Amino acid sequence: MSEQFNALRDISKLDVGVVQPVIKHFNVNILLKLLSDEYTRLAQDQGLVLKIRCRDIALRTDPVLLDSVLRNMVVNAIRYTH
């Protein structure tokens, strides 16, 4: 519940301009590897297998905000997959 509240709070901060995205070019594989390393064990504890696959792709976005969105998606997928 607190994660959902934090996500909504962060979205509202973006909407009113409190948080300003810092746009950068970066390789998304680095972020996905970190997420895989961090959440594989949690998935295994739930009887799941976490597989994250991506080609070597560079993005132009805010890496911190993208990290937040992807973490939320992965955690929710693990939490709500039976």
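## Salt bridges and core of the predicted model

The side chains of D37 and K33 meet in a salt bridge, with 2.7 Å from N to O, where a salt bridge is a side-chain nitrogen of Lys or Arg within 4 Å of a carboxyl oxygen of Asp or Glu. The model is a predicted one, in which local features need pLDDT of at least 70 and side-chain atom pairs count only at pLDDT 80 or more, whereas totals for chains, interfaces and linings use all residues. Residues are numbered from 1 along each chain as its sequence is written, and side-chain values use heavy atoms, with hydrogens and water left out.

Both D37 and K33 belong to helix α2, where they are four residues apart, or about one turn of the helix. By the rule above, the count comes to four salt bridges, and among them are two that involve R71. In one, the side chain of R71 meets that of E38 at 2.6 Å, N to O; since R71 lies in helix α3 and E38 in helix α2, this pair ties together parts that are 33 residues apart in sequence. In the other, R71 meets the side chain of D67 at 2.7 Å, N to O, and this pair sits within helix α3, four residues apart and so separated by about one helical turn. Through shared partners, these salt bridges join E38, D67 and R71 into one network.

The accessibility of several of these residues, together with that of S36, is set out below (buried is under 20% relative accessible area, exposed over 50%, and partly exposed in between, with a 1.4 Å probe and protein chains only).

| Residue | Relative accessibility | Class |
|---|---|---|
| S36 | 18% | buried |
| D67 | 19% | buried |
| R71 | 22% | partly exposed |
| E38 | 43% | partly exposed |
| D37 | 49% | partly exposed |

S36 is part of helix α2, and when residues up to four places away in sequence are set aside, S36 touches L50 and I52 (contact means heavy atoms within 4.5 Å). Under the same exclusion of residues up to four places away, L31 touches F26, L66, D67 and L70, so that D67, a partner of R71 in a salt bridge, is also a neighbour of L31.

L31 is also one of the 13 residues of the largest nonpolar core, in which L31, L32, L35, Y39, L66, L70 and I78 touch the most other members; such a core is a set of buried Ala, Val, Leu, Ile, Met, Phe, Trp, Tyr and Cys residues joined through side-chain atoms within 4.5 Å. Helices α2 (28–45) and α3 (63–80) each supply at least two residues of this core, and α2 gives the most, with six residues.

For the protein chain overall, the secondary structure comes to three helices and two strands (DSSP runs numbered from the N terminus, H or I of at least four residues for helices and E of at least two for strands). Read along the sequence, these elements follow the pattern α-β-α-β-α. Of the contacts with a separation of 6 or more, 83% are between residues 24 or more positions apart. Buried residues make up 21% of the 82 residues in the chain. The chain exposes about 6,300 Å², of which carbon and sulfur atoms supply 58%, with areas taken from the Shrake-Rupley method.

Note on methods:
Areas by Shrake-Rupley, 256 points an atom, 1.4 Å probe, with all protein chains shown as cover.
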